[in-house]
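Trainee: I would like to go through the terms in use here and see why each one applies. Can we take them one at a time?

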Amino acid sequence: MLRVENLHAYYGKSHILQGVSLFIGEGEIVSLLGRNGVGRSTTITAIMGQVAHTGSIVFRGEDIGGLEAHQIAQRGIGYVPENRNIFPTLTTRQNLLLGEKKPGQTGRWSMADLFELFPLLRERADFPGGVLSGGEQQLLAICRTLMGDPDLIMIDEPTEGLAPQLVEQVGRLLQEIADRGVSILLVEQKLTIALKISKRVYVMGHGKIVWDGTPQELRADPQIRREWLEV
Amino acid sequence: MEILFFSLFNGILYGLLLFMLSAGLTLIFGMMGVLNFAHASFFMLGAYFAYQISQFIGFWPALVIAPLVVGVAGALVERYGLRQVHKYGHVAELLFTFGIAFVIEELVQMVWGKAPVPYEIPQSMKFTALTWQGMNYSAYRVFMVLISVGIFAALYLFLKRTRVGLIIQAALSYPDVVGSLGHNVPRIFMLVFGFGTALAGIAGVLGGNVLGTEPAMALQLGTIVFVVIVVGGLGSLGGALIASIFIGLLTNMAVSFDIPFRGFFEALGVSPEAMGTGKDLIDMTSSGISPILPYLLLVLMLIFRPRGLFGQRDV
């Protein structure tokens, strides 16, 4: 579904991505793990067309490397940024409505649907996004992207800084997304959720993919975990 | 008392004109991060186009056509100029708009000359609409207030109630996120730029015949408009409205009430006779410093509250 090959990106003079290659299959959940600053977020912002890069990014047979973010989104890739970026002056409902690429878009998800899954959001429907808690904003950010019915959703550190109860809710949402046949590229630092739901795992270090395999293999390899993941 | 009401009215009127100019500027800045130095030049174009069009088919068609032409010109400048410059960063954009301002001023001088053009209030509006507290309020000025308030209401409803309005509000905080949700942000930028310059155009059509239509008008008002958006808070429409009205009232009141500073200095124990070179300062009145009051406000604001009244971020 998505094939990235030899991706390079720079911030000024620093060479952030040094030839990243990865692959995501139809309906697959893949995690991109690694410590802070190794280039995980840059990898997905580059895929989303928001960072200048070289290398090839092919989505469903089409090279999307030179497209703008909105064109990439229109082709079916969704992106949930790490800092959530909920529109603070708009209500929860309006935030969700802006997730629709066309007004009244129908697909796998509807607002009623998402309110059903997360009554928390329904309670907050008419509150400005800025007053929601961090966890509520995280759920809202993911749901907002789902309103556009992506076929692949890239989510950057969804459990960062959340209370355990909300981490569990986010985990439940990820499972629901997978159950409806949407592919997921999950960027994480912690292993808890990632190893539970992923089918395959990439580990990043210093701007490159340094390891890939299944969650079972990663569990069985303390050496890799110590070298690239544990803080 | 009548002076108070009269200068209140004129202050609000001037403030509303300033708002129409600054609304577009603050939206453009909030979304695109571009401080458009040429914004007041589009205001000037509005006035000149209205003058020219009203020569042929009268003021009323000009009121509609001139802002449309200005808006299209603005959209084209964004699409084929600013968008190309964007990748070189904000300094390049700033210099680009600076250049556009000079180009427009030169073009205006080439076509219409350096002297003011006789753009006048339409005959049908030259009567006294109401007399209140012994002062006459001209129909055209009342009409200006009504149009400005109408535009503010329409703008407010558009931003709060329509989908495009919501997208614009969202793009004021996080344009990148709006793009990654599948909305064509460059197109929205172009529309906002065109719309903002069209608003400046309307201000030009309405204000050109009261304030005078001449090549220097852009620079004159342009600097005050920057004061408005800094004081109101960059990117904040509500802030721009309040700051516009406040500056309108401030400058008008300072002229109408012409408060002498002499008493103030004497109360401080400074005797004017004892002063040598500073004597002129002591003899000044508030109307004398009225033109610099907005800039004084700008300086104070930057020192004490750099994000302005309602700004989300510092200047």
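Mentor: Start with the lining of the largest cavity, which has four nonpolar, five polar and one charged residues. This is a predicted model, in which local features need pLDDT of at least 70, side-chain atom pairs count only at pLDDT 80 or more, and totals for chains, interfaces and linings use all residues; side-chain values use heavy atoms, without hydrogens and water. Residues are numbered from 1 along each chain as its sequence is written, while chains are lettered from A and ligands numbered from 1 in the order in which they are written.

Trainee: What makes a lining residue charged, polar or nonpolar?

Mentor: Asp, Glu, Lys and Arg count as charged; Ala, Val, Leu, Ile, Met, Phe, Trp, Tyr, Cys and Pro as nonpolar; the others, Gly among them, as polar. The cavity lining includes Lys101(A), Ala73(A) and Gly78(A), so by this rule Lys101(A) is charged, Ala73(A) nonpolar and Gly78(A) polar. Chain B also contributes, with Ser180(B) and Leu181(B).

Trainee: Why is this space called a cavity, and the other one a pocket?

Mentor: On a 1 Å grid over the protein atoms alone, a cavity is a set of points where a 1.4 Å probe fits but cannot get out, whereas a pocket is an open set with protein on both sides within 12 Å along at least five of seven lines; lining residues have an atom within 4 Å of a point. The search finds one cavity of 30 Å³ or more, and the largest cavity holds about 40 Å³. The largest pocket has a volume of about 1200 Å³. Of its 49 lining residues, the closest to the centre are Gly49(A), Gln50(A), Glu68(A), His86(B) and Asp176(B). By class, the pocket lining divides into 19 nonpolar, 20 polar and ten charged.

Trainee: How do you know that chain A and chain B are in contact?

Mentor: Contact means heavy atoms within 4.5 Å, and 25 residues from chain A and 19 residues from chain B take part. The two chains bury about 1800 Å², 62% of it on carbon and sulfur atoms; buried area is the accessible area (1.4 Å probe) lost on being put together, summed over both parts. On the chain A side, His70(A), Phe87(A) and Leu98(A) lose the most area, together 33% of what that side buries. Gln94(A), in helix α3 of chain A, is in contact with Lys160(B) and Leu166(B), leaving aside neighbours within four places in sequence.

Trainee: How many salt bridges and polar contacts join the two chains?

Mentor: There are zero salt bridges between them, but seven residue pairs in polar contact, both residues at pLDDT 80 or more.

Trainee: What makes Lys199(A) and Glu28(A) a salt bridge?

Mentor: The rule asks for a side-chain nitrogen of Lys or Arg within 4 Å of a carboxyl oxygen of Asp or Glu. The closest N and O atoms of Lys199(A) and Glu28(A) are 3.6 Å apart, so the pair passes. The two residues sit in loops and are 171 residues apart. Over all chains, the count is 16 salt bridges.

Trainee: Which backbone oxygens does the side chain of His53(A) reach?

Mentor: Those of Ala46(A), at 3.4 Å, and Gly65(A), at 3.4 Å. A polar contact is a pair of N or O atoms within 3.5 Å; within protein, one must be able to donate a hydrogen and the other to accept it, and residues adjacent in sequence count only if both atoms are side-chain atoms.

Key
Grid points are joined across faces, edges and corners, and a volume is the space filled by probe spheres set on the points. Helices (H or I, at least four residues) and strands (E, at least two) are DSSP runs, numbered from the N terminus.
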